[in-house]
Amino acid sequence: MTNLIEYEDASIEVRRVYDDIRATRQTEYINNFWKALANHPPTLQRTWETLKEVMASPGEIDPLVRELIYIAVSVTNGCEYCIASHTAAARAKGMNDQVFGELMAITGAANMTNRLANGYQIPVDEQFKPK
């Protein structure tokens, strides 16, 4: 298991990222994902900047939908940690059990039909191709 770097044990470089996480998320809590990545500060910095831009910057997709997409991808990739952390974030943004159930149904159906389409090597219809 990876060593988890606590704030008080972190380098100045890591503390700056932790401070930005806290400010951006308006919390004092730094989760284990970031504590693990802190073992390699360049990866911590790069990953945080990407996630901050994608998940916290203004955009056309609202914050709950962003979390739902993240959950669906995490389920597909089998990432227990990401499923748990983004499910908690989605619940904090208003997801309820009904929404979660529908999300799992869509994710399961998409995974099934993706596998069928790939297995059958189905050619893409001309009308579906970008013009």
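Helices here are DSSP runs of H or I with at least four residues, numbered from the N terminus. With that settled, here are some exercises on this predicted model.

**Exercise 1. Thr 27 and its neighbour**

Where is Thr 27 found, and what does its side chain reach?

Step 1. Place the residue: Thr 27 sits in the loop between helix 1 and helix 2.

Step 2. Check its cover. The relative accessible area of Thr 27 is 28%, and partly exposed is the class between 20% and 50%, so Thr 27 is partly exposed.

Step 3. Look for a polar partner. The Thr 27 side chain gets to the backbone nitrogen of Tyr 29, at 3.1 Å.

Step 4. Now glance at Gln 26, which is found in that loop between helix 1 and helix 2 too. Gln 26 is exposed, at 73% relative accessibility.

**Exercise 2. Positive phi**

Which residues other than glycine have a positive phi, among them one in the segment after helix 6?

Step 1. Recall the background: most residues other than glycine have a negative phi.

Step 2. Gln 26 goes against that, with a positive phi of about 55°.

Step 3. Gln 121 is another case, with phi near 50°. Gln 121 lies in the segment after helix 6 and is exposed, with a relative accessible area of 66%.

Step 4. For a glycine case, go to the spot just after helix 5: Gly 94 has a positive phi of about 115° there.

**Exercise 3. The chain as a whole**

Work out what the chain is built from, and why it counts as more spread out than a compact globule.

Step 1. Count the elements: the chain has six helices and zero strands. Read along the sequence, that gives α-α-α-α-α-α.

Step 2. Compare radii. The globule rule gives 14 Å for 131 residues, whereas the radius of gyration of the chain is 18 Å, well over that value, so the chain is more spread out than a compact globule.

Step 3. Add the dimensions: the C-alpha trace spans about 55 × 35 × 30 Å along its principal axes.

Step 4. Turn to burial and surface. Of the 131 residues, 25% are buried. The chain exposes about 9,100 Å², with 57% of that supplied by carbon and sulfur atoms.

Step 5. Finish with contacts. Taking those with a separation of 6 or more, 47% are between residues 24 or more positions apart.

**Exercise 4. The buried face of helix 3**

Check the length of helix 3, then find where its buried residues point and what they pack against.

Step 1. Helix 3 covers residues 41–56, which is 16 residues. At 1.5 Å a residue the span should be 22 Å, and the end C-alpha atoms are 21 Å apart, so the two agree.

Step 2. List the buried residues of helix 3: Pro 41, Leu 44, Thr 47, Trp 48, Leu 51 and Met 55.

Step 3. Look down the axis of helix 3: these buried residues fall within an arc of 125°, so they line one face of the helix. The spacing rule helps here: an α-helix has 3.6 residues a turn, so residues three or four places apart point the same way.

Step 4. Name the partners. The buried residues of helix 3 pack against helix 1 (12–25), helix 2 (32–37), helix 4 (63–77) and helix 5 (80–92).

**Exercise 5. Helix 5 and His 86**

Which residues of helix 5 are buried, and which residue makes a polar contact with the side chain of His 86?

Step 1. Do the length check again: the 13 residues of helix 5 should span 18 Å, and its end C-alpha atoms are 18 Å apart, which agrees.

Step 2. The buried residues of helix 5 are Cys 82, His 86, Thr 87 and Ala 90. They cover an arc of only 125° around the axis, so they are on the same side of helix 5. Glu 80 and Ala 92 are exposed on the other side.

Step 3. The buried residues of helix 5 pack against helix 3, helix 4 and helix 6 (97–120).

Step 4. Zoom in on His 86. Its relative accessible area is 10%, and the cut-off for buried is under 20%, so His 86 is buried. Leaving aside neighbours within four places in sequence, His 86 is in contact with Met 55, Glu 67, Tyr 70 and Ile 71.

Step 5. The polar partner is Glu 67: its side chain and that of His 86 make a polar contact at 2.6 Å.

Definitions and conventions
Residues numbered from 1 in each chain as written. Predicted model: local features only at pLDDT ≥ 70, side-chain atom pairs only at ≥ 80, totals over all residues. Heavy atoms only, no water. Helix = DSSP H or I, 4+ residues; strand = E, 2+ residues; numbered from the N terminus. Expected span 1.5 Å × (residues − 1). Buried < 20%, exposed > 50% of the residue type's maximum accessible area, 1.4 Å probe, protein only. Arc of directions from axis to C-beta. Contact = heavy atoms within 4.5 Å. Polar contact = N/O pair within 3.5 Å; in protein donor to acceptor, adjacent residues only side chain to side chain. Rg over C-alpha atoms; globule rule 2.2 N^0.38 Å. Areas by Shrake-Rupley, 256 points an atom, 1.4 Å probe, with all protein chains shown as cover.
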